Amino acid sequence: MQRQHPQSCSRGCLLSVPHTGQFCARVLRRQLLLAVRRPIEIGNPLLFFAIVIVLFPLGLGPSPERLVSFAPGVLWITALLSNLLTSDAVFRSDFDDGSLEQLILAPQPLFFSALAYILAHWLTTGLLLAAVSPVFALMLNLPVSALGALFVSLLLGTAVLSLLGGIGAALTVGLKRGGILISLLILPLYMPVLIFGTAAVQAAMTGAPSGPYLAILGAMLSLAIALAPLAIATGLKVSIDA
Amino acid sequence: MPISVNDAPLLAAQSLGLVRGGRELFHDLSVEVYGGQLWQIEGANGAGKTSLMRILCGLSRYGFEGKVLRPVTPLYLGHQTAVKALLSPRENLQWHVSGAGLYSDDQVDDALARLGLRGYEDVPSHTLSAGQHRRVNLARLFLSDACLWLLDEPFTAIDKQGVDETQSLLASHVDGGGAVVMTSHQALQVSCNVNTLNLVQGVVS
Amino acid sequence: MWTFFHKLGSPPWLYAIAGTILRWLVPITLIALVAGMIWGLLFTPPDFRQGDSYRIIYIHVPAAVVALAGYYVMAIAGAISLIWRMKMADVVMRAAAPVGAALTFIALLTGAIWGKPTWGTWWVWDARITSMLILLFLYLGVVALYESFDNKEAAGKACAVLSLVGMVNIPIVYKSVDWWYSLHQPASIKFTGESTIDPSMLYPLLLMIAAFYALFTCCLLMNIRAELLQRESRTQWVKKIASEKGAD
């Protein structure tokens, strides 16, 4: 049997509650399984990413020089938008079917279970976006030397975006139409990530070291991991109460 | 295990008051729930039963007067079933987000069988009917080892046989020293004593 | 201390005290604004490079300074609302958001008007302007979130979370936009920042900044009073005020 904390309540009933870590692993597994059972939910942001990337050469013209100068920004903004569009759904279905109520009442701290939700979201969006981004980068003539910086910056940056997006999702989950509102709430918060994400790729394109920018993204990620779940947890409690 | 009503309460509500839309639903409502008690909250539609349940379980945190002491983690079943359509009933119960214990397959199968869901353990829940969803949710009662149950309209969309099965479970939970606070429109037919809290009259009997 | 805190939580008391403060603060604000305006516009020397067009700083700078301070007022009220569950903190937060947004907008607008004669263009993607624009979005986000909730109590708590998140982010946004700008800064535009400001121009500016703080406080208190009346419209004390005003 799994390890359990036997927690004796005052009645003498035995209340066995999984560890926080065990519980988070369970939530993560559940979220990933739900995503895998509806693969199109995973595919949609990637398709969105691909289609929007195609729009830019059509709008800006196919000239390789122009495309390459816009490539870091285009790739990053598109990744940011596909992350934004999926953020709305992180807690939506759990709110609709009542699972969110149960999650909030769970004895395990909401801070960590919220983090598990966000991790599942990042694994099914940000990680995959970062993984496919080199293909589209090459289509925009981004030099091969910048692909590493693009991949790592997206890897770190989308994790920050998922955490910030989770705040917006938690605050708007109780509202009937949260879609546009969530963009208004969290896009201003996305801007620093965009600045340093594109800067890392641009630095790599010109041969400058991209490490410092990636380090700043890493710092933002650390800060976001520490603070964003607090805001998400409070936001969820407020939304369920409304 | 010896159970005496003199022990500390499992749930204590102290002078609760709630105003919704300028109308006072209840005020100065105090109630203490001890092990071995079954409480039924009565009241017409809109009397504030669900609001009271949400205050008692801790989902409502603002906008009411008074306070609630919860020394133990209660099990709360609300109007929504918290059953994920993409997961099978067994997965739903084993990985429940309520943070309850880890149950073996046998335990889960047994609980589902008690509610007439034998053979449905591994089908996707979206193929089940609304009543079956509610039964999957009720199966949590058969698994739970929480001492305090807060049930909001647990018998909605449940057929006669399911209601009987659940009511006998409630009685045995109460006999075993647990406590139940529930709302229901139908009269309970249980072997144990039922305390009634009527929201219209504010009568505690 | 606690009795003061307790009183702050009482709507009629807050309504009354805000009214008393306003009775004094409104005339003071008006005098300071008019005096600062006259001093700044008529009695200061023209700038040796920009001539008279620089005088818009007597609106632009105070608006920008107070707009930023307003966000902190809002976020601190939000923190109080979340930590001590004080309803009146929600009211303060709700009242501060539109005033702050308006001041941010004034700062951006006067910046654009100033930019035309100075830089030859209405809009420049300058670090400070961009940060102000983001600040405006942060303010509008709080207003939009508040308006989206039917339950105003929940709206207050949600906005409190959002404004606190925004407060943590403001320094990050400012630093990163600053950094972004220094990376992309085009060489063609020269800024006037290098020359230190002459005391004869500084004193009226300080007066105007003080006047704008007072103006912010006035608007905040008026908004608080309006919000209190609306929220408590069903209570006895509001009905009493309404009947007294109606009798006049």
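In chain C of this predicted model, helices α2(C) and α7(C) pass each other in a left-handed crossing. Helix α2 covers residues 11-42 of chain C and helix α7 covers residues 199-231 of chain C; their axes come within 7 Å and cross at roughly 150°. Since angles over 145 degrees count as roughly antiparallel, α2(C) is therefore roughly antiparallel to α7(C). Sorted by class, the residues in the contact of α2(C) with α7(C) comprise 26 nonpolar, 5 polar and 1 charged.

A second helix pair is found in chain A. Here helix α8 (residues 147-172) and helix α10 (residues 211-241) of chain A have axes that come within 7 Å and cross at roughly 15°. With angles under 35 degrees counted as roughly parallel, α8(A) and α10(A) are therefore roughly parallel to each other. The crossing in which α8(A) passes α10(A) is left-handed. The contact of α8(A) with α10(A) is made up of 19 nonpolar and 6 polar residues, with no charged residues.

Turning to chain B, three strands are worth tracing in the viewer. An open sheet of 3 strands is built in the order β2-β1-β4 of chain B, and the pairing is antiparallel. Strands β2 (23-33) and β4 (64-69) of chain B form the edges, each pairing on one side only. On average, neighbouring strands of this sheet are turned by 10° against each other, with direction ignored. Strand β1 (residues 11-20) of chain B runs antiparallel to β2(B) and is joined to β2(B) by 7 bridges. A handy place to pick up the register is B:Val19, which stands opposite B:Glu24 in β2(B). Helix α1 (residues 49-57) of chain B packs on the sheet and touches β1, β2 and β4 of chain B. The direction of this helix makes about 135° with that of β1(B).

Finally, chains A and B meet in a contact that takes 34 residues from chain A and 34 residues from chain B. On the side of chain A that touches chain B, at least two residues each are supplied by β2 (14-17), α1 (20-37), α5 (99-105) and α10 of chain A. Among the contributors, α1(A) gives the most to this side, with 7 residues. The side of chain A that touches chain B divides by class into 15 nonpolar, 9 polar and 10 charged residues. Helix α10 of chain A thus appears twice in this account, as it supplies at least two residues to the side that touches chain B and has an axis that comes within 7 Å of that of α8(A).

Definitions and conventions:
Residues are numbered from 1 along each chain as its sequence is written. Chains are lettered from A and ligands numbered from 1 in the order in which they are written. This is a predicted model: local features need pLDDT of at least 70, side-chain atom pairs count only at pLDDT 80 or more; totals for chains, interfaces and linings use all residues. Axes are lines fitted to C-alpha atoms, for helices over the stretch in contact, and angles run from 0 to 180 degrees between N-to-C directions. Helices (H or I, at least four residues) and strands (E, at least two) are DSSP runs, numbered from the N terminus. Angles under 35 degrees count as roughly parallel, over 145 as roughly antiparallel, 65 to 115 as roughly perpendicular and the rest as oblique. A crossing is left-handed if the near helix is turned anticlockwise from the far one by less than a right angle, and right-handed if clockwise. Ala, Val, Leu, Ile, Met, Phe, Trp, Tyr, Cys and Pro count as nonpolar, Asp, Glu, Lys and Arg as charged, and the others, Gly among them, as polar. Two strands pair if DSSP finds at least two bridges between them. Two residues are in contact if their C-beta atoms, placed from the backbone, lie within 7 Å.
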